[in-house]
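Work through the exercises below with the sequence and the model open. Try each task before reading its solution.

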Amino acid sequence: GKLRKYNFDISRGLLAPDGVNASLILVNGAFPGPTIEANWGDTFQITVNNKIEGPEAGTSLHWHGLLQHETPWMDGVPSVTQCPIAPGQSFTYTFKADRPGTSWWHSHYAAQTAGGLHGAMIIHGPIPAGVTYDYDLGPVLLSDHYFIDYRELLQGYLSVPLDLIFSDNNLINGKGQFDCSKTNRTCTPNAGYSKFRFRSGKTHLLRLINTSAEGLQHFTIDGHSFQVIEFDFVPIKRFTTSKVTLSPGQRANILVKGIGKPNSSYWVRSDIDAVCAAPSQPHALAQIYYENSDITKAPNTNATPYTAIGCGTDPLASTVPLYPIAPPANPSTRKDLDITLGFNQTGFLQWYMNNVTFRADMNLALLSAVNNGTEYFGVPEWNVWDFGSNSSIRMLMRNYHISPHPMHLHGHDFWILAEGHGDWDGKIVNPGNPIRRDTHQLLPMDAENRPGYAVIEWVQDNPGVWAFHCHIFSHLSLGFYINVLERPDDVQNFDIPDSVQNTCVQWNAYASKNV
Ligand code: C2O
């Protein structure tokens, strides 16, 4: 494979992606950050230079959905796989492009991803049999967008009484418009939408990525239906739909047939579910222009109606088309270890998983601590779940909370064996070929106060310390998080590069002066 080198200069800056001035975290001066691209099996080498100034100025980048097999220290989770990159310091991430498909990278430090520090990741690989398209139109980032600084956002969530802050806008590929009469911030009207070029009769690949801090996104294209061919790096049996729902962290590759005439134009829409969030959540728009159409004129098409099912993704019972093309290599009945995790919330301040809340200690890296034999169980808030060398883990999650939670596991994807409310009856949905992805929306409590549950399972073939958390950034930042220790004996045998420990030396020096 080839070496794919990138240089990221990360800094804070004022930009107006939708016309409204906002303080964002930028990469090489831009928002959203650059798309990184490789062929399957290539090696990414990404040098991150932290030029963020002011307090709370650490950073660390995570490559969502990659396995990081034998490089768990490149996973980018501060306090777990490394220390934050201190201001003025650099760190180089070197890792394999180990899964083909569509994903993204984002900061894993505080709520920085809500501050704009994210971008797409595309890894080209074999195209499944029967799939053909004419044009790859690249990433379509669906991002809720906040005018306030991510640090203020977290302050709001931490304050008593709670100051719940919802997103101000919803952007597609970092663009959108805003009604300037609704803000007293510096605002320029008609900032413009993202535009996609379509050709009549041709097939277009769009790579949808929900990069939102919080919003569940419903994506539609006026007048067009499409085929979904991949979810979260997993090629699936194709199915046709006119709406795709994605929770934060999830992706979908779709093929859109150009049914429009030359000269025509259409609106692309992504709605944040009003049932799940504040009723006034903004909707995102973008534009499709067919050949010979006037791109200075706005389309005048109508939205495709759809039904949102609660505020979760579609229930498993109705998701037959989501099944992977390749059935599991290991039958889903192999589980060695069965565990149950309950999620709950106290006040609005903290999230608990089995009564423990995660508190990051930024001054060390848990993976390194395990590697050099430091005792980690004496520190309860590290929230380490040692799954030993069991060959597979089955986890029953229960959600005692009123909203759904997109649960994401690092270093793996997982089968989703069953879901529902109350008690699991032990039945697996489609046991021969269960759904598999790396982020799954856990159902909320129902009207009768029965917890939502989901049963997931994965094979322990990837030694490391892996984050397992809700992908809503305020929840993650407030402790909705555990560390999964997989194969500790193998972790102790790793030879972790010195550059990882250096992040801790540098962060300690910075923190002793500044925090
Ligand atoms: Cu998208 Cu913990 O990550």
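**Exercise 1: Helix α5 and its cover**

What covers the buried residues of α5 includes β6. Contact here means C-beta atoms, placed from the backbone, within 7 Å. A residue is buried if 20 or more other C-beta atoms lie within 10 Å of its own, exposed if 12 or fewer, and partly exposed in between, with C-beta atoms placed from the backbone. Helices (H or I, at least four residues) and strands (E, at least two) are DSSP runs, numbered from the N terminus.

This is a predicted model: local features need pLDDT of at least 70, side-chain atom pairs count only at pLDDT 80 or more, and totals for chains, interfaces and linings use all residues. Residues are numbered from 1 along each chain as its sequence is written.

*Task.* Find which residues of α5 are buried and which are exposed.

*Solution.*
1. Locate the helix. α5 covers residues 498-514, which is 17 residues.
2. Check its span. From first C-alpha to last it reaches 24 Å, close to the 24 Å expected at 1.5 Å a residue. The expected span is 1.5 Å times one less than the number of residues.
3. List the buried residues. They are Thr503, Gln506, Trp507 and Tyr510. They sit on the same side of α5, because they cover an arc of only 100 degrees around the axis. That arc is taken from the directions from the helix axis to the C-beta atoms.
4. Recall the helix rule. An α-helix has 3.6 residues a turn, so residues three or four places apart point the same way.
5. Turn to the other side of α5. Asp498, Ala509 and Ser512 are exposed there.

**Exercise 2: The loop between β5 and β6**

*Task.* Place Ile85 and decide: is Ile85 buried or exposed?

*Solution.*
1. Find the loop. Ile85 lies between β5 (61-63) and β6 (90-96).
2. Count the neighbours. Ile85 is buried because 27 other C-beta atoms lie within 10 Å.
3. Name the contacts. Leaving out residues up to four places away in sequence, Ile85 touches Val48, Asn50, Gly58, Thr59, Ser60, Phe91 and Thr503.
4. Take one pair. Ile85 and Val48 are 37 residues apart along the chain, yet 8.4 Å separates their C-alpha atoms.

*Task.* Which phi values do Glu70 and Ser79 have?

*Solution.*
1. Place both. Glu70 is in the loop between β5 and β6, and Ser79 is in that loop too.
2. Read the angles. Glu70 is not a glycine, but its phi is positive, about 65 degrees. Ser79, also not a glycine, has a positive phi of about 80 degrees.
3. Add the surroundings. Glu70 is partly exposed because 15 other C-beta atoms lie within 10 Å. Ser79 is buried because 24 do.

**Exercise 3: A cis bond**

*Task.* Where does Pro32 lie?

*Solution.*
1. Pro32 is in the loop between β2 (22-27) and β3 (36-39).
2. The peptide bond from Phe31 to Pro32 is cis, with omega near -10 degrees.

**Exercise 4: The whole chain**

*Task.* Describe the chain and its largest nonpolar core.

*Solution.*
1. Secondary structure: five helices and 30 strands.
2. Burial: 50% of the 515 residues are buried.
3. Contacts: of those with a separation of 6 or more, 78% join residues 24 or more positions apart.
4. Core: the largest one has 127 residues, and Leu142, Leu208 and Ile456 touch the most other members. A nonpolar core is a set of buried Ala, Val, Leu, Ile, Met, Phe, Trp, Tyr and Cys residues joined through C-beta atoms within 7 Å.

Note on methods: Two residues are in contact if their C-beta atoms, placed from the backbone, lie within 7 Å.
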